[in-house]
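Colleague: Hey, have you got a minute to walk me through this one? I'd like to get a feel for how it is put together.

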Amino acid sequence: MDLQNQQRVKDVAEKFGAENVVVILGSSDAEGAEIYAETVANGDPTFAGPLAGVPLGLAVYHVFDEAIRVEADPALWEEQISMMEMVLDTEALAKAVAGMREQYSKFAL
Amino acid sequence: MGKLAGKKVVILGERDGVPGPAIETCLKSSGADVVFSVTECFV
């Protein structure tokens, strides 16, 4: 994850409290989604950024996870996201993030 | 109200996946407080 964005995630968690923060990913591949999820839950696995060795434990979901989908406005979902839903492996993406969340997150919805 | 209501939400979108603004738009009615939204790209 972009080092600047790692810092911003860290700042948000410090400002609002990690238990109040939920991270939602829009990644296109499962491997990338896993790295993002691991970074915000357990720290930067590459040890390059501000989250290296900082296990924030944030609740993290892919946007295609049913828990997030049910929160979205159906008409806007259709307009904004449904096209990508047809071309991406939504189940694999949601599952990849769920695996990291179950392993490392201290919080969940 | 759903489970996202009142939560501070960070959106990490992706240009080749689902971009940040698309996720943000869809969640406006959920009561979530989007505090940071970005769209990364890998080029």
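Modeller: Sure, we can start with chain B and then look at how it meets chain A. One thing up front: this is a predicted model.

Colleague: Okay, which elements does chain B have, and in what order do they run from the N terminus?

Modeller: Chain B has one helix and two strands. From the N terminus on, they come in the order β-α-β.

Colleague: And what does the C-alpha trace of chain B span along its principal axes?

Modeller: About 40 × 15 × 10 Å. Chain B has 43 residues, and 44% of them count as buried.

Colleague: Is strand 1 of chain B mostly covered or mostly open?

Modeller: Mostly covered: strand 1 of chain B covers residues 8–14, and seven of its seven residues are buried.

Colleague: Which residues sit on which side of that strand?

Modeller: Lys8(B), Val10(B), Leu12(B) and Glu14(B) are on one side, while Val9(B), Ile11(B) and Gly13(B) are on the other. Both faces are covered, with every one of those residues buried. As a rule, side chains in a regular strand alternate between the two faces of the sheet.

Colleague: Nice. How does strand 1 of chain B pair with strand 2 of chain B?

Modeller: Those two pair in the parallel sense over seven bridges, and strand 2 of chain B is residues 33–40. To pick out one position, Ile11(B) has Ser37(B) as its bridge partner in strand 2 of chain B. Between the two strands the chain passes through helix 1 of chain B, residues 20–26, in a right-handed β-α-β crossover.

Colleague: What about contacts between residues far apart in the chain B sequence?

Modeller: Take the contacts in chain B with a separation of 6 or more: 62% of them join residues 24 or more positions apart.

Colleague: Switching to chain A now. How many bridges are there between strand 1 of chain A and strand 1 of chain B?

Modeller: Five, again in the parallel sense, with strand 1 of chain A running over residues 21–25. Val21(A) has Lys8(B) as its bridge partner, and Val22(A) has Val9(B). Further along, Leu25(A) stands opposite Leu12(B).

Colleague: So what order do the strands take in the sheet?

Modeller: The order is 2(A)-1(A)-1(B)-2(B), in an open sheet of four strands with parallel pairing. Strand 2 of chain A and strand 2 of chain B are the edge strands, each pairing on one side only. From one strand to the next, the twist averages 20 degrees.

Colleague: Does a helix of chain A come into this, and if so, which one lies across strand 1 and strand 2 of chain A?

Modeller: That's helix 6 of chain A, residues 90–104, and it runs at about 170 degrees to strand 2 of chain A.

Colleague: How many residues of chain B are in contact with chain A?

Modeller: 28 residues of chain B, meeting 28 residues of chain A. On the chain B side, strand 1, helix 1 and strand 2 each give two or more residues. The largest share, seven residues, comes from strand 1 of chain B. By type, that side divides into 14 nonpolar, seven polar and seven charged residues.

Colleague: Last thing: where is Phe47(A)?

Modeller: Phe47(A) is in the loop between helix 2 (30–42) and strand 2 (59–62) of chain A. Its phi is near 55 degrees, a positive value in a residue other than glycine.

Colleague: Is Phe47(A) buried or exposed, and why?

Modeller: Exposed, because Phe47(A) has just 9 other C-beta atoms within 10 Å, and a residue counts as exposed at 12 or fewer.

Key: Residues are numbered from 1 along each chain as its sequence is written. Chains are lettered from A and ligands numbered from 1 in the order in which they are written. This is a predicted model: local features need pLDDT of at least 70, side-chain atom pairs count only at pLDDT 80 or more; totals for chains, interfaces and linings use all residues. A residue is buried if 20 or more other C-beta atoms lie within 10 Å of its own, exposed if 12 or fewer, and partly exposed in between; C-beta atoms are placed from the backbone. Two strands pair if DSSP finds at least two bridges between them. A crossover is right-handed if, with the strands pointing away from the viewer, the path from the first strand over the helix to the second runs clockwise. Two residues are in contact if their C-beta atoms, placed from the backbone, lie within 7 Å. Ala, Val, Leu, Ile, Met, Phe, Trp, Tyr, Cys and Pro count as nonpolar, Asp, Glu, Lys and Arg as charged, and the others, Gly among them, as polar. Axes are lines fitted to C-alpha atoms, for helices over the stretch in contact, and angles run from 0 to 180 degrees between N-to-C directions.
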